[in-house]
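Student: Could you take me slowly through one part of this structure, and then show me how the packing elsewhere is put together?

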Amino acid sequence: MSAPLLSVRDLSVSFPVRSEGAALWARRRELQAVRSVSFDLDSRETLGIVGESGSGKSTLARALIGTVPVSGGQALWEGRDLLAMGAEERHRHRRDIQMIFQDPLAALDPRMTAGEIVAEPLAVHEPGLARGEARARVAETMEQVGLLPEHIDRYPHEFSGGQCQRIAIARALISRPRLVICDEPVSALDVSVQAQIVNLLGELKRELGLSLIFISHDLGVVKHISDRIMVFYLGRAMEHGPAGGLVRGPRHPYTRALISAAPVPDPAVERRRRGASLEGELPSPLAPPSGCVFRTRCPIARESCAGEEPAMRRYGERHFAACPHAGEGELRTPYSSPGTSR
């Protein structure tokens, strides 16, 4: 088996926070946005990362591309630690890892045309490229994402939200990366447009041999595009494994609750469904619960869950869950018949 393209080990991100109204010399508290997260990403694979808002998914993405400081761990790109590289060496690798952001309009400069926006990375990564070659490359890349030749000289405000996201995708692809991190790329779009963008990303992955990290709070979207899924809660990985196996046979109670809360398009099935409910609010990352951070909302929590933070346990090939009681209790999922429990 070949080595992973990206191997993340015990990655942590924390931020110092001073309480509002506290004196300047007061001791700062630490907000742990990401805590000891590990995973591997193979070449041409899509890893979906799913969880509620505030769970640390986007912070993890920004840590991988170097826009937020990391407090610990490694991110090995073909065996070399991206986080330990100097500025010059990291710049050489930056073209290999590109990112697509949540809000397409906010990510595009309104003073630049679509063609100028898409071409911008070429000025950074291939400054010696002739102007004609650059324009031809821009046109080719825009065509790959479903944009027309006449779009090249238009400005962002002349496009729909879906078209703006296609421009952002073209900009990410122009440098011919090997990994694209998609941070909530469809959450700001209409449902019908979401499906188009997700299908486009899947097609581009196959055609260009890309690896993807696809971040979303919508498990249904993540399930559709991912080879493997990692479930995030309060900066921790609760469960990760092959997409099909994780959705059909979730081990962690948080994953179960997310699946149970996912809407089903069939009204008859939706009315019959009874599953694990997710109650309560996400705790503050400034004061996370002791032991298992999910225990304050967990339907199967016990006194022992307040003790040590649970380690990942293996359940089948490449399927892991951070719960000593994983798999306990009944779950009726959208993918089970009414008379079947998993």
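Tutor: In this predicted model, Pro289 sits in the loop that runs between α11 (267-272) and β11 (313-314). Although it belongs to a loop, Pro289 has a relative accessible area of 13%, and because that value is under 20%, Pro289 counts as buried. Setting aside residues up to four places away in sequence, Pro289 touches Leu234, Pro283, Arg295 and Thr296, while its C-alpha atom is separated by 7.6 Å from that of Ala306, a residue 17 places away along the chain.

From the loop we can turn to a pair of helices, α4 (residues 114-125) and α6 (residues 161-173), whose axes come within 7 Å and cross at roughly 30°. Since angles under 35 degrees count as roughly parallel, α4 is described as roughly parallel to α6, and the crossing is right-handed. On the side of α4 the contact is made by Ala114, Ile117, Val118 and Pro121, and on the side of α6 by Ile167, Ala170 and Arg171; these residues divide into 6 nonpolar, no polar and 1 charged.

Ile167 also leads us to the largest nonpolar core, which has 55 residues and in which Val145, Ile167, Ile169, Leu201, Phe214 and Ile229 have the most contacts. The largest share of this core, 7 residues, comes from α6. Leaving aside neighbours within four places in sequence, Ile229 is in contact with residues including Leu47, Val50, Leu219, His240 and Val247. Apart from this core lies another, of 30 residues, among them Val37, Ile181, Ile215 and Ala237.

Conventions:
Residues are numbered from 1 along each chain as its sequence is written. This is a predicted model: local features need pLDDT of at least 70, side-chain atom pairs count only at pLDDT 80 or more; totals for chains, interfaces and linings use all residues. Side-chain values use heavy atoms; hydrogens and water are left out. Axes are lines fitted to C-alpha atoms, for helices over the stretch in contact, and angles run from 0 to 180 degrees between N-to-C directions. Helices (H or I, at least four residues) and strands (E, at least two) are DSSP runs, numbered from the N terminus. Angles under 35 degrees count as roughly parallel, over 145 as roughly antiparallel, 65 to 115 as roughly perpendicular and the rest as oblique. A crossing is left-handed if the near helix is turned anticlockwise from the far one by less than a right angle, and right-handed if clockwise. Contact means heavy atoms within 4.5 Å. Ala, Val, Leu, Ile, Met, Phe, Trp, Tyr, Cys and Pro count as nonpolar, Asp, Glu, Lys and Arg as charged, and the others, Gly among them, as polar. Buried means under 20% relative accessible area, exposed over 50%, partly exposed in between (1.4 Å probe, protein chains only). A nonpolar core is a set of buried Ala, Val, Leu, Ile, Met, Phe, Trp, Tyr and Cys residues joined through side-chain atoms within 4.5 Å.
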